Structure formats: structure tokens, C-alpha cells
Amino acid sequence: MNKSIIRSFAIGGFALFVGCTGDTMSATDMEASIGTRLALGPDAALAAPGRSDVILSQGFAVALRTAVLANDGYLAAQAFEQEAFANVDVAQSVRRPQFSASGTLGAMREGDPIDETTTGLATDLSVSQVLYDGGASREAINRATATALAAQAGRLDRGNLIALEAARAWVDLWLASNRLALLRSRTGSLGELMDQMDRMAANGLIDRASVENAKRQVLDIQLEQNSLEASQADARVRFSQFFQSARSEVGAPAQLLSNEAIRARSADWKTAPALQRAAAELIAAQRAEQEARSAFRPTVSLRAGVTSPMDEDDTTDLNGGVFVQYVFADGGRRKALLEAATKRVAALEAGLTSGQLATEAEISTSLARLAALDQSMTLLNQKIRLSSSEADIARSQITTGQANLRQLISAEIESYRALDDRRQLQGEQYLLQLTIAARSGYLSEVIGLEP
């Protein structure tokens, strides 16, 4: 075959190579693409097709569930879980027969003793099956399976934590709004009472010290109102992040859990999703350590193949047999990998133990605090009755002169503070119940996120 034909084949092969590879992006172009995506902001993801909408009209539990399903963190955890389970199939594929084919279209030039150029198509077909690999494929499958279960537990843990944070935003917004409303309703008349005290002080009917003391109490209430308004604004921002709705106030969260149910399920803390993930990661690391040890063993595989030559006059070759491979030296790579895998196992074992101790302590502390709140609520209800009665008596005795305005202001503020303390205890009870449920993995079941 003449040189022009060979040149044509070479040019055609180069054109095919260029067409497959395409143009690469420079660092400047890549930075521009990154900047373009960042300029879109989160709205691009929030408007993605198929994204769940948060439902507020069907109650607290449904709102929490849909808030989790619409959360980017939970969607990312779902994607990582799906990726991890797909990698199990990747690991299993190594133990199945492997088929491959290759072809060469071009020219072959033979030298001495025959000076000849042959053109055409040469093909190779081969099949192989691993017979023994020192346990590498088995441990790779086990590692991939444990990693997938770790990703699954990670998604469950993420769902519980997102539900907890969403519930916290709801409770905080309800609590701040409710406390503000209580403060305004119970202390709205304090300004008028202070005006009366100023007039009486100007006329010499009461001493100035009583007026200053009452003013200090009223200023404390005003400062408390400013703090509550700031808390309400903060809770409103967090609420909108989870529930996609900007509200100034929400209704009281439904009582999803009873203290009895919480105490019963808190015993399941040992199987909490966070600990399941840590345990699965430890098992994956142990399998990786065994996989690293298997690299010191030989591999044996069965191989067979067919080779079709480019020259039609040549014969088709068949080959087959058992292929054995063993690496005698690799510069210390296998040893370093095994050492790193062993250190990772030790680190994850320590992490799992630390996580178990921390979870047990958190659950025990929360249960003790919940029991203390139950007792405090009983005492606080008695205090509310007494302080309300004291305010009513002071209000009725103003006309008879048996009580003065300073006593009335003090009684009104004391009554308000007792009611406000009860609101705060109710909010803390909600959050403690939800926290225990989330840490034990029970919250996702309660809101219907998991079967």
C-alpha cells in the first residue's frame, strides 16, 4: 500500500481522536462557570422540578415531614445513600465474568526479511473470571455494603436532626410571639399607672422613692419586650428557612409525644441512627483493612481469548488458561495502605465509643431535666394562682386605700412573670421531648418520615 493511503489512515485516526476528546476549559473559563452558578443563588435549587413544597395547613407533624423532604441537606443525604448502594453493585461486578473486545483499524508495516504493509481490521475478544484474589473482592463487597448502610443511617440521622431544627424554629417563633402577646396584654396598663404615680408624687401624696422603684420595674419590662422582639425576628428567619414561609407568629405546636412514650423509646438510644452510622463506618474500615491485607496474596484468574489478525492470510489465534499474578515489591505501597487502614479502624473504634457515651449522657440528662420540669410546672401553677389573686386584691384595694399604686404595679408584674415562666417551661418541655426523640431516632417515625 502506498504512502498516501497510510497518510490518509493516520489523518483519519487523528481526526477521530480530536473529535472524541474535544476542547478543554481553561482555568479562567472554569472560574467564570463557577461564578455564574454562584450568582444564581439558592433560588435555582429551590425552583428545581420535583422539589417538595412545605405544607403548613395540615398540622405540625405534616409540616415537619414536608420541611425535611424539601431540605437540601436531606436531599443531599438521599443522593449519597443512592450512590453508596450503587457502589455495592460496582464491587460485586468484579466477581462476575469480564468480557472485553478491542479493534484496530489501520496499517501494519513488516520489516526484514519481508518488507510488506498490511491494512485492515484486527480484533481481540477476551473473557476472564477471577478464581482467587486473597479475599480482596469479598472484602470490597463487604466494605461497600457497610458504607451503604452507613449512608442510609446518615440519611436517617440527618432527617431526625433537620426535623428537630425545624421544630425548634417553630417552637421558638410560637414562644416569642406568645410571650410578646402576654407581656402586652398583662402590662399594657402600666404606663397609665405610672402617670398616676407621677401626678401623686408631684402633689406630695407619695414619696419619690416609690415612683423611682416602680419606674425601674417598668423599664425592666420594656427591656424584656425589646429582647422578645429580637428573639421573634430571629425565629422568624429560621422558620422561613425550613418552612418556606415568612410569618410573624404561628400556632402552638401539636403535642406529638407524651412523656411516657419518650421515656419508653429513649431506651433505644443504642440503635440511634448516628450510632448506627458510626458502627457501619467502623465495619467498613475493618473490611478495608482486610482488603489491604489481601493485597499481599496472589491472584488467580481463568482467561480465554480470540485474536483475529489484520492480514487475511494469517490464522485466527485462540488462547486460554489459568493466569497467576503476585507482586513481590511495590515500593512499600501495600504496607503503607495496610498501616493507614489499621489506624483508621482504631480511630473509628474510639469515635464510636465516644459517641455512645455522649449519646447516653445526653439522653439521661434530658430525661432528668424533663422530670424536673414536670415537678416545676406543678409548683408554677400554684404560684400563678397566688400571684393572680394578689394582683386582683391589690386592684380592689386601691379604691379603699389599703393598697397603693406601687404595690399594684409590683403585683401585676409578678403575675405576668409567673405566666411567662409557664410559657417558657412549656417551650422547654416541647424541645426536650423533641430532642430525646431525635437523638434516639424516634422523631422521624412520629412525623411519618420513615415507616
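Q: Quick one before we start: which method do the accessible areas come from?
A: Accessible areas come from the Shrake-Rupley method with a 1.4 Å probe. The model itself is predicted.

Q: OK. What does the accessible surface of the chain come to?
A: About 25800 Å². Carbon and sulfur atoms hold 55% of that surface.

Q: And how many of the 451 residues count as buried?
A: The buried share is 34%.

Q: What's the secondary structure of the chain?
A: There are 13 helices and four strands.

Q: What about contacts with a separation of 6 or more?
A: Of those, 78% join residues 24 or more positions apart.

Q: Let's do single helices. Helix 2: how far does it reach, first C-alpha to last?
A: Helix 2 covers residues 27-40, 14 residues in total, and reaches 20 Å. The expected span at 1.5 Å a residue is 20 Å, so the two are close.

Q: How many of its 14 residues are buried?
A: Zero; helix 2 is hardly covered.

Q: And helix 10, how far does that one reach?
A: Helix 10 (residues 273-294) reaches 31 Å with its 22 residues, close to the expected 32 Å.

Q: Which residues in helix 10 are buried?
A: Among them are Pro273, Leu275, Ala278, Leu282 and Glu289. Ser294 at the end of the range is buried as well.

Q: Switching to pockets. What's the volume of the largest?
A: About 450 Å³. It has 24 lining residues, and the closest to its centre are Ala84, Thr147, Ala150, Ala151 and Glu281.

Q: Which elements give two or more residues to that lining?
A: Helix 5 (72-93), helix 6 (136-187) and helix 10. Helix 6 gives the largest share, 11 residues.

Q: How do the lining residues divide?
A: Into 13 nonpolar, four polar and seven charged.

Q: How much space lies in the second largest pocket?
A: About 180 Å³. Its lining counts 15 residues, with Ala274, Leu275, Gly355, Thr359 and Arg439 closest to the centre.

Q: Which elements give two or more residues there?
A: Helix 6, helix 10, helix 11 (333-397) and helix 12. Helix 11 gives the most, six residues. The lining divides into nine nonpolar, three polar and three charged.

Q: Last topic: Gln433. Where does it lie?
A: In helix 12, residues 405-439.

Q: Buried or exposed?
A: Gln433 is buried, because its relative accessible area is 6% and the cut-off is under 20%.

Q: What is Gln433 in contact with, leaving aside neighbours within four places in sequence?
A: Gln255, Leu257, Ser258, Asn259, Ile262 and Leu370.

Technical notes:
Residues numbered from 1 in each chain as written. Predicted model: local features only at pLDDT ≥ 70, side-chain atom pairs only at ≥ 80, totals over all residues. Heavy atoms only, no water. Buried < 20%, exposed > 50% of the residue type's maximum accessible area, 1.4 Å probe, protein only. Contact = heavy atoms within 4.5 Å. 1 Å grid on protein atoms, 1.4 Å probe; cavity = no way out; pocket = protein on both sides within 12 Å on 5 of 7 lines; lining within 4 Å. Points joined across faces, edges and corners; volume = space filled by probe spheres on them. Nonpolar A, V, L, I, M, F, W, Y, C, P; charged D, E, K, R; others polar.
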